[in-house]
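Hi,

Here is the structure I promised to pass along. Have a look, and my notes follow below.

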Amino acid sequence: MTQPDNALTHDTSNSYYPRLKRAGYGYFQLAQWSVIFSKRALYLYLLLWLVLLIAGVFTLTQGSVTISFHDFWLLCQGQGQSAQQLLMWEIRWPRLLAGVVTGVALAAAGTLLQQVTQNWLSSPEVLGVNEGATFLLLLGLLLSPVNMLGPWWLAPLGAVLVGVILAFLAGGIGGRGYQILLVGVALAYFTRAMNDLLISRATAQHASAVHSWTLGNLANSDYTELMPASLLLMICLVSAIGVVWHLRLFKLMESHVQSLGIAVRKVQFAALALALVMAGLGVGIGGPISFVAIAAPILVARWLPPQVLGLGNSCMLGATLVIVADTIGRVVLAPNEIPVGVITSLLGGPFLLWVLLQEKEVKH
Amino acid sequence: MGFIAGEGSKTLMAVAIKVEQLQVNYGSYLAVDNVELQLKVGEVTVIVGPNGCGKSTLLQSMARLHRPFQGQIWVNEQDIWQLRPAQVAKQLALLPQSPEAPGEMSVLTLIQFGRHPHQGLFRQWSADDEQAVQEAMAKTGVSNLANRSLQALSGGQRQRCWLAMVLAQQTPVVLLDEPTSMLDPGHQLEVLQLVRTLARQGKAMVLVLHDLIAAARFADNLVAMRNGKVVASGAPREILTSALVRQLYDIEADILMSPEDDVPVVVAKSLATKEVA
């Protein structure tokens, strides 16, 4: 084998990345465009897609009524009994989609918030963003007794509203977003209390339904809200890719990041805005499912090299977490359901703890 | 100054940074007060002064990190506040004091970060990037550390990696805030010699140092600051006097000339006795 990286000539097209290659990077070039990526991140991403796919098939076929794999195959081809068709395409499929949208949105929001503040503890639920989104939905409920809750798009509005209040109270984003984190924790308690106040104003049977919704609920999703929500999520995610390109450097000191030509405040603002909208969107579709936003990025980071932000990976993991939790919640006590947020916390909490403790042992 | 004239390049002595009537304040506190400076290509400029004299602020202002209250900073005849941050980052690189990065990060990844101003979302790696990173690693002698993680390095090695990152930025002006403060004398010399070599190769190097002996030895242009003002500037052997040291640090010191090359050496003796009014 020749060692082309020892040569100091770099004019030939592909001879200039062996060093990167050995450092675990992949490289892709088309005309003047080029992309580098961590191979480990790519492999994990593909693996998570596979896991999500399996979880998806599982959630479509399992439940109070089980669909056999043979029937599932027929249904995928547009055949099968009409009752099963209805069950799969009108009930379970939108529910699966809602789970994916919620999981992706919350995990993406968590990733961005954690990176802006460079703090694993900051997530939309800790900062009160989810509570703000919930607040507007509950307000919708109170104002129009016909609807269960306000329309889904009230939730992103509520999240952004909380963000504006947060930024105002914190007097800006601050170095490493530290102020935002402090004020956010305090604000979350207040918003939570407001929500409880609203719930207590609802009639008795409403109140229990609303309370179970605040633990996460994917059951009532339909295409009329899933379509616009997915579209908005797509737009946010594509924008987030541009933000992540700069945000990946925020592990350095702020003055250092700035000296690399990055407008720090603008990037922070963009990341924060995207995080707020996505967190609200997730809440609007699936309810304020706890744990996903904070845990997915932390878990993913254990497997990724430190320069990789892992937005794509935590989105996949977030979706998988929600789907799996929802399926478990449906199956375990069928025909009764356990709210998805209860399962995510119940299973996710110990799992996260296990991962963190394992990390500690390795270091000692 | 003879050693500079001997280099023979036409760009030598061109002004890289011009600071005009610069005032920078934090709230009501004036950190940099009416500073005028000209920093030249091919020279090592060292800024010295007591803690809190505004030298780091001056350095950061030159890197466009603080918007000045008054005055201008020109980099290669362009006002830095007329440029976008990314454009400034192609002219000026700054290594902050005690920089931080995750310990698990690999050396190559860190150095690669220095290429950020030259890259884009759709132009993440080019032949220029590879060449710049290789050159930076060769100059700082970290080529064989490329795949090591930062936490596995000694302080001296790590500092050289930070320097490599700054060099990979390939800017005509390099600003270093106390690049030697954590290093033993051997590694200090290594860094300072590299700084001098880089200057001779055509960069304008600007350092903040606390070590007056090193400053006197490696500065072509010494800038002494106190209370935000430039007290003296010029060649060390012309401006470095006991009086200046007393004025800067309130200490009594002897200035000796080193026997072989006639470079001033500051020997601190005692705190200056304060006059009681």
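How much area does chain A expose, and what share of it do carbon and sulfur atoms supply? Chain A exposes about 17,200 Å², and carbon and sulfur atoms supply 70% of it; accessible areas come from Shrake-Rupley with a 1.4 Å probe, and for residues only the protein chains shown count as cover.

Ground rules: this is a predicted model, where local features need pLDDT of at least 70 and side-chain atom pairs count only at pLDDT 80 or more, while totals for chains, interfaces and linings use all residues. Residues are numbered from 1 along each chain as its sequence is written, chains are lettered from A and ligands numbered from 1 in the order written, and side-chain values use heavy atoms, with hydrogens and water left out.

Chain A has 14 helices and two strands (DSSP runs numbered from the N terminus: H or I of at least four residues, E of at least two). Of its 364 residues, 52% count as buried (under 20% relative accessible area; exposed is over 50%, partly exposed in between).

One spot inside: A:Leu249 sits in the loop between helix H9 (223-247) and helix H10 (254-259) of chain A. A:Leu249 counts as buried because its relative accessibility is 0%. Leaving aside residues up to four places away in sequence, A:Leu249 touches A:Val257, A:Leu260, A:Ile262, B:Phe113 and B:His116 (heavy atoms within 4.5 Å).

By contrast, A:Trp33, in strand E2 of chain A, is partly exposed at 46%.

Cheers

Terms used. Buried < 20%, exposed > 50% of the residue type's maximum accessible area, 1.4 Å probe, protein only.
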